[in-house]
Amino acid sequence: MTLNKISIAQAIPLIFIITINRLTVNIPQSILIPYGSSSILNMIYICIIAIIFTLFIVKLFQKFPNCDIVDVSEFLGGKVLRNIVGLVIVTQIVLVSSNLLRDFVDILHIIYYSDTPIIFILAFFVIVGIISNTLSGDSIIKTNVIISSLMVVSLLVSFISVIPNITIQRALPLLGYGSYKTFVSGISNIFAFNGLSILYLVPSMMDNHQNYKKASIIATIISCILIVLATASNLLAFSFSTIIEKVSPLYMLLSNNEFGKYLQHPESIFVFTWILSFMSYINIGCMLSSQILKKLTSVNNSKPFAWLYCAALFLAAILPKSLMQTRDIGTFLSKYISIPITFLIFPFILLMANLKHKTNKNSNYDT
């Protein structure tokens, strides 16, 4: 599978594809249930942190143009660290992607395909990933631009559709359960931006390193806008009940609205868009994992890695026995795997690499 350098227009949706897919599944209720009326304020606060974090990562990569975190790890600690970091990334992608896919498939199973075994629905997405990754990686990137654009439009229409049902009083009191809960313990909601882990892989894919900063900032801002709108829409549109924990909150919003006389069930159209988006997400995860394994093993053909990735994805996705177990696993992955890797371990590696680069002024690491 070949993969040419990507433009800024291709990099932006590549960066936010993970975040917008999580919006359709579990981000809103994970924020709303514990934080209540302060959820909007909390997410604005988290968005500011996410933008600052993105600027920080972009700054750290300036000394390493055309390099990703795997290349930077090799510069810092040789092939041993490079291999460890590469395998950590692939493992993270498999675990997070399989959990997110199983969550989405469970939602589809509950709402539309209750008579279809979950294993068949999972197999459908995995087979699409295998087929797509036997083709050119450029096709996956270009297709993602189209699907991501449709997904953003879908989400915006979803939010606009609930405006007539909005009750501002549901956002009161603004601090919800208190300032400590909103701003201190609430910082754990940074998990909503775990998808920013892709920032560590994009630099080596860019056709122009200068565009990396622009793409990263624009993608993060788009993610922030969508997350705040999703949180606000769900908080202000209706009172919550236990059913919101069983399905997608965005689906609940859509199913309670009608788009005119001739479109009585708009949620079906939007769910179709979300299915396409998840296909693209799986394709990208497979492509990135294959490219990393190809780099670690120095082989020419990455197609066997695509089969290996999809097999691991499928096996991990069928393990949970229920939607609640899937979401418990997802919570564990977010708190104890993705957050430490994305916001602590990889930034630390970049910091150490920058210090090494600074102490060795003759080093010129540009791949």
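A salt bridge is taken here as a side-chain nitrogen of Lys or Arg within 4 Å of a carboxyl oxygen of Asp or Glu. The structure is a predicted model, in which local features need pLDDT of at least 70 and side-chain atom pairs count only at pLDDT 80 or more, while totals for chains, interfaces and linings use all residues. Residues are numbered from 1 along each chain as its sequence is written, and side-chain values use heavy atoms, with hydrogens and water left out.

**Exercise 1. Find the salt bridge of Asp 103 and state which parts of the chain it ties together.**

Step 1. The partner of Asp 103 is Arg 327, with 3.0 Å between the closest N and O atoms.

Step 2. Asp 103 belongs to helix H4 and Arg 327 to helix H12 (residues 323-359), so the pair ties together parts that are 224 residues apart in sequence; helices are DSSP runs of H or I with at least four residues, numbered from the N terminus.

Step 3. Both Asp 103 and Arg 327 are buried, a class that means under 20% relative accessible area, whereas exposed means over 50% and partly exposed lies in between (1.4 Å probe, protein chains only).

**Exercise 2. Describe the salt bridge between Arg 102 and Asp 106 and its setting.**

Step 1. The two side chains meet at 3.1 Å, N to O.

Step 2. Both residues lie in helix H4, four residues apart, which is about one turn of the helix.

Step 3. Arg 102 is buried because its relative accessible area is 5%, and Asp 106 likewise counts as buried, at 5% relative accessibility.

**Exercise 3. Place the salt bridge between Lys 295 and Asp 68 in the chain and compare the accessibility class of each residue.**

Step 1. The closest N and O atoms of Lys 295 and Asp 68 are 2.8 Å apart.

Step 2. This pair links distant parts of the chain, since Lys 295 is in helix H10 (residues 267-297) and Asp 68 in the loop between H3 and helix H4 (69-111), 227 residues apart.

Step 3. Lys 295 counts as partly exposed at 28% relative accessibility, whereas Asp 68 counts as buried at 5%.

Step 4. Asp 68 and Lys 295 are also linked with Asp 71 in a network of salt bridges.

**Exercise 4. Assess the confidence of the model, using pLDDT, the predictor's confidence in each residue from 0 to 100.**

Step 1. The protein chain has a mean pLDDT of 85, and 89% of its residues reach 70 or more.

Step 2. Among the elements, helix H3 (residues 39-60) has the highest mean, 94, and helix H9 (residues 249-255) the lowest, 61.

Step 3. Where pLDDT is low, the predicted coordinates should not be read in detail.

Definitions and conventions: Helix = DSSP H or I, 4+ residues; strand = E, 2+ residues; numbered from the N terminus.
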